[in-house]
Amino acid sequence: MQAHRPPSITCRRVIFGLLVLFSLAAMASLMAFVLAPGGFNGVKLALLTCFLITLPWLVVGFWHAVIGFGIMVFARDPAGLTCPIDPAGASQGIPERATALLSCIRNENVQEVERKLDAMVSGLVTRSVEEGFALYVLSDTSDDRIAEEEAEIFEAMRQRWHGRMSVVYRRRTVNTGYKAGNIADFCARWGHLHRYAITLDADSYLAPETLVALVQRMEANPQVGILQTLAVGLPSKALFARVFQWGMRLGMRSYTLAAAWWQGDCGPYWGHNAILRLEPFRTQCMLDPLPGRGPLAGAILSHDQIEAVLMRRAGFEVRVWPVEDGSYEENPPNLIEYVRRDLRWCHGNLQYVKLLTTLKGLKLVSRIQLLMAILMYVSSIAWMAFIAITVYASLAAPPETLQFDSGLGMVMFAVVMTMVFAPKASSLCYVMMSTNRRKGFGGGARVAISAICEVVFTMLLAPLMAITHTLFVIMLFAGARVGWQRQERLPKGVGWAMAIRKFWPQFGLGCLGIWWASQFPLAMQWLFLPIVTGPALVLPLTVFSSMPSLGAIADRYGFWRLPEEREKPAEFRLLENRGLAAEDLQQSGPAVLPR
């Protein structure tokens, strides 16, 4: 089957680039007019500089929302438009042992990992395609007690599936290179035995149909080196996870469709729930530690996007398959776990500063992707610097230092807020346009209430994370050590003492922020609420959003409901039943999974 080819990807990139550059110029000019009264001084120039640093992510997100909404509404085949590769007919076979399933774990809840892997294996066996796959559990566990449990459980799993699918368990005693080093070790030992590898995190879960379709698409499209699925959140009883992933689900589809529309064959790789072509990955994407000393040296923490740009440099396409079906992950169950994961990404993305100057031969789009990954976190620091300068100017500098046009300032505030919420608003409009889509997310009334609460949640979380990123980077460059710690993935309440221990700096700054805002006239104080309220409320936000009981109430009444919770797909029934027993499958023979 001939792959559908879109209009020139260069044309798309030029259009998108012009939209972004025009918007950046317009926003910069508007800010300059806001600050113009009384002339420019050092304080105003510093404010303008910080604002310019925050703009790229804001503007790109806005145009992703607009373009993504247009694709969702007007394109007959959004996935085909943005990922124009041969879909490969379902009748195409799966080469024997061509694909390795790589489950990378470190100090995880072993039974939860095994439950997901067992369900995936049993699903493949049910489809009679198990001979095309082999499972590798790649452990970097440092806790000897957990390691003993891993060895016992995965040996039992190996015996259970003996004769149907190969299951290999390997533990590294030294965590060299973190996850990238873990996969590199697999490539050195067993990479030559397989054509493809599907990467899985400890919380990953893919439907058997998705696993098969990934292999079929790689077989039909030899020019593709990495095919990334659109992983969505598994239904959760944790309130924090429910609200967070519901908002992500709304914003992700329009954002990802638009990104795939202009990035095309230079797409991203998120490190899991994706399939790799092993030969070029083994030869072109192995990562050496960054040279030198300091926080940006050493093993690369955010390895995935570097592997993507190296695969593209080698001449292979990196594509996103933008379909919300059959590819899942678990989101952090509380704010502490969310911050822990995000700070590891922050450290890894900042390491790209070194790679931008040392990696040669990268595509222009690849360099833009690395730069945007850096700005994702640098913009948080610039935002906090903007606020700090404003506080200084309002409290310590002469009154004439920070004169500004209040009318244009209100216009700027409205434009910025519009851009911030555009990705979620576009997807929310798309959901509300269809009765079936509204029902999938709980119905119109529940969607509206969930959306309002999620907006409040996001407004509380954003300044809190900006403070956290800033404090983390300061500590990082002051010599703090950062490791790859265990992620808690199950719903578990956070006590007040733990919340205070983790977030006392944010709480203190929030209280100072409320005092600072109170120095302004009452008519202006509401403008500062989005900035100071989140940090000031961080302690109750952490404790209450972690309570399993509140998550259970939200689940019972259908708030922040995902479509998979209303109508469970077949792969969820496999997961709930811990898969099908191997002996039952051997007795009953192959069957067809219902869809």
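**Exercise 1. How are α11 and α16 oriented to each other: parallel, perpendicular or oblique?**

Solution. Keep in mind that we're working on a predicted model here.
- Start with the two helices: α11 covers residues 335-350 and α16 covers residues 444-477.
- Next, take the geometry: their axes come within 10 Å and cross at roughly 50 degrees.
- Now the cut-offs: under 35 degrees would count as roughly parallel, and roughly perpendicular runs from 65 to 115.
- The verdict is therefore that α11 and α16 are oblique to each other.
- For the hand, the crossing of these two, α11 and α16, is right-handed.

**Exercise 2. Work out how α11 sits against α17.**

Solution.
- Look up the packing numbers: α11 and α17 have axes 11 Å apart, at an angle of about 30 degrees.
- That makes the two helices, α11 and α17, roughly parallel, since angles under 35 degrees count that way.
- As for the hand, α11 passes α17 in a left-handed crossing.

**Exercise 3. Find the residues of the nonpolar surface patch and the helices that supply them.**

Solution.
- Round up the members: Trp496, Ile500, Trp504, Phe544, Leu550, Ile553 and Tyr557 make a patch of about 730 Å².
- Map them onto helices: α17 (496-517) and α21 (548-556) each give at least two residues.
- Pick the top contributor: α17 has the largest share, with three residues.
- Zoom in on Trp504, which sits in α17. Its relative accessible area is 57%, and the cut-off for exposed is over 50%, so Trp504 is exposed.

**Exercise 4. Take three of the 25 salt bridges and say what each one joins and whether its partners are buried or partly exposed.**

Solution.
- Begin with Glu130 and Arg164, whose closest N and O atoms are 3.3 Å apart. Glu130 is in the loop between α4 (110-126) and β2 (133-139), and Arg164 is in the loop between α5 (144-160) and β3 (166-171), so this bridge ties together parts 34 residues apart in sequence. Both Glu130 and Arg164 are buried.
- Move on to Arg242 and Asp555, which meet at 3.4 Å, N to O. Here the link is between distant parts of the chain: Arg242 belongs to α8 (residues 239-263) and Asp555 to α21, 313 residues apart. Again, Arg242 and Asp555 are both buried.
- Finish with Glu576 and Lys568, at 2.6 Å, N to O. Glu576 has 47% relative accessibility, so it counts as partly exposed; Lys568, at 42%, is partly exposed too.
- As an extra, Glu112, Arg115, Lys116 and Glu330 are joined into one network by salt bridges that share partners.

How values were computed. Residues are numbered from 1 along each chain as its sequence is written. This is a predicted model: local features need pLDDT of at least 70, side-chain atom pairs count only at pLDDT 80 or more; totals for chains, interfaces and linings use all residues. Side-chain values use heavy atoms; hydrogens and water are left out. Patches are made of residues with over 30% relative accessible area and no salt bridge: like charges are joined within 9 Å, nonpolar side chains (Val, Leu, Ile, Met, Phe, Trp, Tyr) within 5 Å. Accessible areas come from the Shrake-Rupley method with a 1.4 Å probe; for residues, only the protein chains shown count as cover. A salt bridge is a side-chain nitrogen of Lys or Arg within 4 Å of a carboxyl oxygen of Asp or Glu. Helices (H or I, at least four residues) and strands (E, at least two) are DSSP runs, numbered from the N terminus. Buried means under 20% relative accessible area, exposed over 50%, partly exposed in between (1.4 Å probe, protein chains only). Axes are lines fitted to C-alpha atoms, for helices over the stretch in contact, and angles run from 0 to 180 degrees between N-to-C directions. Angles under 35 degrees count as roughly parallel, over 145 as roughly antiparallel, 65 to 115 as roughly perpendicular and the rest as oblique. A crossing is left-handed if the near helix is turned anticlockwise from the far one by less than a right angle, and right-handed if clockwise.
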